[in-house]
Amino acid sequence: MPKEQRRARRIAMTKAELDEFLTTERTCRVATSSPDGPHNTPLWFVWDGEAMWFTSLVRSQRWTDLERDPRVAVIVDTGHDYGELRGAEIKGRVEKVGEAPRTGEPHEELEKIETQTGDKYFGGAYGHDNRHAWLKLVPEKITSWDFRKI
């Protein structure tokens, strides 16, 4: 279980609200730690109710950073005007799942995730490009906000 949010509980999302938000939003920003300082990149993701899943190019700064230090902070947010702002910050450590790069070898844990990813972003078909690999983030801490509650 992730650590309980201690601040701004009044505007925190419930578990159901957070699940709906993370299931429907499309882009997150993943912050890693590199020798030159923080490295932040936008990625598509899938939320399975327990963990956040995303792929990374295995020949990227992000991948190099995560090989060195698997800790990440991820932001998913939306809204334009102050009273519309909603979001979540998820902190934890990523773990690689499946082969790297992903070639499509059968993998029970990835079967559902690849189906969800295909449905969400590609109209039902997820393909392997032999350049990306899967990363799983099980949250250690989630902080959420929904300014519509104010």
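The legends below accompany an overview and several close-up views of a predicted model.

**Figure 1. Overall architecture of the predicted chain**. The chain contains three helices and seven strands. Read from the N terminus, these elements follow the order α-β-β-β-β-α-β-β-α-β. Along the principal axes, the C-alpha atoms occupy a box of roughly 45 × 40 × 30 Å. The radius of gyration is 16 Å, which agrees with the value near 15 Å that a compact globule of 150 residues would have. Of the contacts in the chain with a separation of 6 or more, 71% are between residues 24 or more positions apart.

**Figure 2. Surface and charges of the chain**. The accessible surface amounts to about 8900 Å², and carbon and sulfur atoms contribute 49% of this area. Buried residues account for 40% of the 150 residues. The chain carries 24 positive and 26 negative charges, and the mean positions of these two sets lie 6 Å apart.

**Figure 3. Buried residues of helix α1**. Helix α1 spans residues 15-24, and Leu-18, Phe-21 and Leu-22 are buried within this element. Viewed down the axis of α1, the buried residues fall within an arc of 90°, so they line one face of the helix. This set packs against β3 (46-47), β4 (52-57), β5 (71-78) and β6 (86-97), and also against α3 (108-121) and β7 (132-146).

**Figure 4. Buried residues of helix α2**. In α2, which comprises residues 61-68, the buried residues are Arg-62, Trp-63, Asp-65 and Leu-66. Because they cover an arc of only 160° around the axis, they lie on the same side of α2. The elements that cover the buried residues of α2 include β1 (27-34) and β2 (37-44), together with β4, β5, β6 and β7.

**Figure 5. Pro-70 in the loop between α2 and β5**. With a relative accessibility of 29%, Pro-70 counts as partly exposed. Beyond residues up to four places away in sequence, Pro-70 touches Gly-92, Arg-93 and Val-94. The C-alpha atoms of Pro-70 and Lys-96 are 9.5 Å apart in space, while the two residues are 26 residues apart in sequence.

**Figure 6. Gly-79 in the loop between β5 and β6**. Gly-79 has a relative accessibility of 41% and therefore counts as partly exposed. When residues up to four places away in sequence are set aside, the contacts of Gly-79 are with Glu-84 and Leu-85. Gly-79 and Glu-140 are 61 residues apart along the chain, and their C-alpha atoms are separated by 25 Å.

**Figure 7. The cis peptide bond between Ala-100 and Pro-101**. The bond that joins these two residues has an omega of about 0°. Pro-101 is situated in the loop between β6 and α3. Both Ala-100 and Pro-101 are in contact with Ala-133, a residue of strand β7.

**Figure 8. Ala-133 and its surroundings in strand β7**. At 2% relative accessibility, Ala-133 counts as buried, since the limit for that class is under 20%. Apart from neighbours within four places in sequence, Ala-133 is in contact with Phe-54, Thr-55, Ser-56, Val-58 and Trp-63, and also with Glu-99, Ala-100, Pro-101 and Arg-102. Among these partners, Trp-63 is one of the buried residues of α2. Ala-133 and Lys-96 are 37 residues apart in sequence, with a C-alpha to C-alpha distance of 7.4 Å.

**Figure 9. Backbone conformation at Asn-130**. Asn-130 adopts a positive phi of about 60° although this residue is not a glycine. Asn-130 is placed in the loop between α3 and β7. The relative accessible area of Asn-130 is 46%, and the residue is partly exposed.

Key: Residues numbered from 1 in each chain as written. Predicted model: local features only at pLDDT ≥ 70, side-chain atom pairs only at ≥ 80, totals over all residues. Heavy atoms only, no water. Buried < 20%, exposed > 50% of the residue type's maximum accessible area, 1.4 Å probe, protein only. Helix = DSSP H or I, 4+ residues; strand = E, 2+ residues; numbered from the N terminus. Arc of directions from axis to C-beta. Contact = heavy atoms within 4.5 Å. Rg over C-alpha atoms; globule rule 2.2 N^0.38 Å. Areas by Shrake-Rupley, 256 points an atom, 1.4 Å probe, with all protein chains shown as cover. Lys, Arg positive; Asp, Glu negative; His and termini not counted. Charge placed at Lys NZ, Arg CZ, Asp CG, Glu CD.
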